[in-house]
Amino acid sequence: MLRPVRPRHTGTVVNLAARCLRARRHGHAQAGYTAAAVLAVMLAAACSAQQPGSGSTAGMPGITVFTAGRQPPLPRVSGQLVSGGRLSLAADRGHVVVLNFWGSWCTVCHQEAPVLSAAARRFRASGVRFVGVDVADNSASAMAYLWHYRISYPNLSDSGDLIAVKFNQLIPISAFPSTLVISPDGKIVGRVIGAATLRDLQRLIKAAQQTAPPAT
């Protein structure tokens, strides 16, 4: 399971997490109390996160750019899409990929969604691919979220946290939303913990494009 850093006042954290959960989540309340407890710290961190800025320390809200030689490789990820069908991230090799972890239950995700929706349209012409990962959610809430924010790029369904765990073993995802930017050669160039701004995305996409191998 995910292993976020736990703050001292766990009671406060659980209460904050509970306030983040929207009423519409009760449709999948039986998904498991264990998973909900593990996610509680992460939800609270996301709900209380400030808008990200540069120079943040690891695991704190903000933007991190990984230097050459320290860029983690993209793990093998494939799965069912929220809208049906399947997707493998390997299919996007050769493109810059913006990978966003979100859930319809996450308050900060709702704040971030319009930025991602607009950014996906803005960067489409330059070949940047956007992919979402919907974590610990149900399909009805997820589809309503995507429709409301006009998000048309593919979104993997990760109701069992399996995809999130793969990335958490490689590069800790300490709060939702979290966004990774991946270079065309499959390396994770940078990360945003908390709501990503257009400026954050521009910075990381530019860094990822600069790592692209020269054309032959």
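## Helix α6

In this predicted model, helix α6 covers residues 198-210. Its 13 residues, at 1.5 Å a residue, should span 18 Å. The end C-alpha atoms are 18 Å apart, so the expected span and the model agree.

Six names make up the buried set of α6: Asp200, Leu201, Leu204, Ile205, Ala207 and Ala208. Seen down the helix axis, these buried residues fall within an arc of 160°, so they line one face of α6. The face turned away from that buried side carries Arg199, Lys206 and Gln210, which are exposed.

What do the buried residues of α6 pack against? Their partners are four strands and one helix: β1 (62-65), β4 (97-102), β7 (178-182) and β8 (188-193), together with α3 (107-123).

## Overall architecture

The protein has six helices and eight strands. Read from the N terminus, the order is α-α-β-β-β-β-α-β-α-β-α-β-β-α. Helix α6 is the closing element of that series.

The chain holds 216 residues, and 49% of them count as buried. Take the contacts between residues at least 6 apart in sequence: 74% of these join residues at least 24 apart. The protein exposes about 11000 Å². Carbon and sulfur atoms supply 55% of that area.

## The salt bridge

How many salt bridges does a search of the whole structure find? The search returns one. Its partners are Asp92 and Arg129, and their closest N and O atoms are 2.7 Å apart. The pair links distant parts of the chain, with the two positions 37 residues apart in numbering. Asp92 sits in the loop between β3 (86-88) and β4, while Arg129 belongs to strand β5 (residues 129-135).

Side chains of opposite charge can pair when their charged atoms come close. The two partners differ in cover. Asp92 has 9% relative accessibility, under the 20% cut-off, so Asp92 counts as buried. Arg129 has a relative accessible area of 33%, which makes Arg129 partly exposed.

## Cysteines

A disulfide is a covalent bond between the sulfur atoms of two cysteines. A search of the whole structure finds zero disulfides.

Are Cys106 and Cys109 buried or exposed? Cys106 is buried, because its relative accessibility is 2%, under the 20% limit. Cys109 is also buried, with a relative accessible area of 0%.

Key. Residues are numbered from 1 along each chain as its sequence is written. This is a predicted model: local features need pLDDT of at least 70, side-chain atom pairs count only at pLDDT 80 or more; totals for chains, interfaces and linings use all residues. Side-chain values use heavy atoms; hydrogens and water are left out. The expected span of a helix is 1.5 Å times one less than its number of residues. Buried means under 20% relative accessible area, exposed over 50%, partly exposed in between (1.4 Å probe, protein chains only). The arc is that of the directions from the helix axis to the C-beta atoms. Contact means heavy atoms within 4.5 Å. Accessible areas come from the Shrake-Rupley method with a 1.4 Å probe; for residues, only the protein chains shown count as cover. A disulfide is a pair of cysteine sulfur atoms within 2.5 Å. A salt bridge is a side-chain nitrogen of Lys or Arg within 4 Å of a carboxyl oxygen of Asp or Glu.
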